[in-house]
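Visitor: Could you take me on a close look at the part of this structure where protein and DNA meet? I would also enjoy a word on the helices afterwards.

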Protein chains: 2
Amino acid sequence: MWPVTTPKNSGRRAHLVSLAGDLFAEKGFRATTVREIADAAGILSGSLYHHFDSKESIGDELLSAFLDDVLAGYREAATDTDPRAAIERIVRSSTATLSRHRAALTMLQNDWAYFSAQPRFGYLRTAMKEIEQTWVDQLTRGRETGLFRADLDPRLTYRLLRDILWIPTSWSQSKGAWTNDEIVDGLLRLLFDGITARP
Amino acid sequence: MWPVTTPKNSGRRAHLVSLAGDLFAEKGFRATTVREIADAAGILSGSLYHHFDSKESIGDELLSAFLDDVLAGYREAATDTDPRAAIERIVRSSTATLSRHRAALTMLQNDWAYFSAQPRFGYLRTAMKEIEQTWVDQLTRGRETGLFRADLDPRLTYRLLRDILWIPTSWSQSKGAWTNDEIVDGLLRLLFDGITARP
DNA sequence: GCGCGCCTGCCAAACGCTTGCTCGGGCGGA
DNA sequence: TCCGCCCGAGCAAGCGTTTGGCAGGCGCGC
């Protein structure tokens, strides 16, 4: 099937994907039109189809690159034998990865239903399952070794934490009020210790 | 100007708003078409304009009702003199309100940029400011009275917490794995104490 | 109690516009 | 001469919205 148009290793193509990603990150995938992407590149909308066979191909490229990156970080973090250290590595890895893939995150947040319903994007569900399993494993291990609270619900905690991690990326550049490090430190502190003062 | 079409106190109109809200909650505001709303009501798309002068009017009705509800809960919660109790009341009030207005939340999450850019929806920014102020006030009070950690950043913590609260509503009915009470209890526990076990 | 006007609720058929996408052709560098 | 890259023009489909009209019920004057 490939290359229908331009080979994937074209520099021009990668540049266009990057431009489209900026727009997707701001407005979401469906809300961004191919004409806007073309305008950003200084060409006409029809000319985009010399490089991609559809708008979804651009989204596919961004999403698959993102998930590959996320999973690589998770797999490495999961090698740590200490659950607390593993979770901290997962958090820091996630934050770093997300800041590199703001477009993909916005797409997943806004148009998850749209993508996950299509067979083409079936890898989204697969990847999500692995992400969940990684979290649940570490949380369960930490609970069983007495490191975490005994009444901790690993799956519920994962669901909360995963979505929490995705949040700061949305406002990472709107106001430069906090640096990435400040955010992740504040988050880790909240996660491990809560907001209550300890004597 | 009003009533251009049907009076606001019409029962039929309220029913249509409710139907549209269900669709908005699932697909977002912009992704839902007036034809889909009409189909759900068993009428033609044009007939909707006998009740509303635009699609945005339906959104307006849902959003303003939501924010009125949220602010009422926050104002009542803020009367508590104990910061920890006030925050717990804010959290519980938010959870209850959000479960009653899933459509509005989805609309704000997916199409915030779209709405907040329009003068018609200027009250969104106003309400958000009051919400932020309520959170920051309570967090600051708690920190100054030694109840919360001295190194707590009220604004950063607010930004995290506000978005965290909005999360569970998104998956409140996808899987009935947890009840609303379980979620809010888990959230409060996480918020106050973190995940670490205490001797 | 009957006709009349009015109101609510909806239909049928479009309108102007935007969407993602197609296709033949041209241009410049290798 | 080829090939990567783009133009110019346009298509079908879908979008929110408008318009004119019709059916039925309710109240009011006579």
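Guide: Happy to: what follows goes through the two DNA strands in turn and then through some helix pairs. Please keep in mind that this is a predicted model.

Let us begin with DNA strand C. This strand is surrounded by 20 residues, and the closest come from both chains: A:Thr33, A:Tyr49 and A:Lys55, together with B:Leu44 and B:His50. By class, the surface near DNA strand C has five nonpolar, 11 polar and four charged residues. If you look at the strand's own atoms within 4 Å of the protein, 57% are part of sugar or phosphate, and the rest are part of bases.

Several phosphate contacts can be picked out here. A:Tyr49 places a polar side-chain atom 2.4 Å from a phosphate oxygen of DNA strand C. From chain B, a polar backbone atom of B:Leu44 is 2.7 Å from a phosphate oxygen of this strand. A:Thr32 also takes part through its backbone, with a polar atom 3.3 Å from a phosphate oxygen of DNA strand C.

Now for DNA strand D. Here 19 residues surround the strand, and the closest are A:Leu44 and A:His51 from chain A and B:Thr33, B:Tyr49 and B:Lys55 from chain B. The surface near DNA strand D is made up of four nonpolar, 11 polar and four charged residues. Of the strand's atoms within 4 Å of the protein, sugar or phosphate accounts for 56%, and bases for the rest.

On this strand, A:Arg12 has a polar side-chain atom 2.9 Å from a phosphate oxygen. A:Ser47 likewise uses its side chain, with a polar atom 3.0 Å from a phosphate oxygen of DNA strand D. For B:Lys55, a backbone N or O atom is 2.8 Å from a phosphate oxygen of the strand.

Next come the helices. In chain A, helix α1 (residues 11–27) packs with helix α5 (residues 102–116) at about 45 degrees, the axes being 7 Å apart. α1(A) and α5(A) are therefore oblique to each other, and their crossing is left-handed. α1(A) brings A:Gly21, A:Phe24 and A:Ala25 to the contact, where they meet A:Arg102, A:Ala103, A:Thr106 and A:Met107 of α5(A). The classes here are four nonpolar, two polar and one charged.

In chain B, helix α1 (residues 11–27) packs with helix α2 (residues 34–41) at an angle of about 125 degrees, with the axes 10 Å apart. That angle makes α1(B) oblique to α2(B). The crossing of α1(B) and α2(B) is right-handed. Among the residues making this contact are B:Leu16, B:Leu19, B:Leu23 and B:Phe24 of α1(B), and B:Ile37 and B:Ala40 of α2(B). In all, the contact of α1(B) with α2(B) has eight nonpolar, no polar and three charged residues.

One further pair in chain B rounds off the tour. Helix α4 (residues 83–100) and helix α8 (residues 180–193) of chain B cross at roughly 145 degrees, and their axes come within 11 Å. This crossing of α4(B) and α8(B) is right-handed. In the contact, residues of α4(B) including B:Arg84, B:Ile87, B:Glu88 and B:Val91 meet residues of α8(B) including B:Val184, B:Asp185, B:Leu188 and B:Phe192. By class, the contact of α4(B) with α8(B) has six nonpolar, three polar and four charged residues.

How values were computed. Residues are numbered from 1 along each chain as its sequence is written. Chains are lettered from A and ligands numbered from 1 in the order in which they are written. This is a predicted model: local features need pLDDT of at least 70, side-chain atom pairs count only at pLDDT 80 or more; totals for chains, interfaces and linings use all residues. Side-chain values use heavy atoms; hydrogens and water are left out. Axes are lines fitted to C-alpha atoms, for helices over the stretch in contact, and angles run from 0 to 180 degrees between N-to-C directions. Helices (H or I, at least four residues) and strands (E, at least two) are DSSP runs, numbered from the N terminus. Angles under 35 degrees count as roughly parallel, over 145 as roughly antiparallel, 65 to 115 as roughly perpendicular and the rest as oblique. A crossing is left-handed if the near helix is turned anticlockwise from the far one by less than a right angle, and right-handed if clockwise. Contact means heavy atoms within 4.5 Å. Ala, Val, Leu, Ile, Met, Phe, Trp, Tyr, Cys and Pro count as nonpolar, Asp, Glu, Lys and Arg as charged, and the others, Gly among them, as polar. A residue is near a molecule or strand if one of its heavy atoms lies within 4 Å of it. A polar contact is a pair of N or O atoms within 3.5 Å; within protein, one must be able to donate a hydrogen and the other to accept it, and residues adjacent in sequence count only if both atoms are side-chain atoms.
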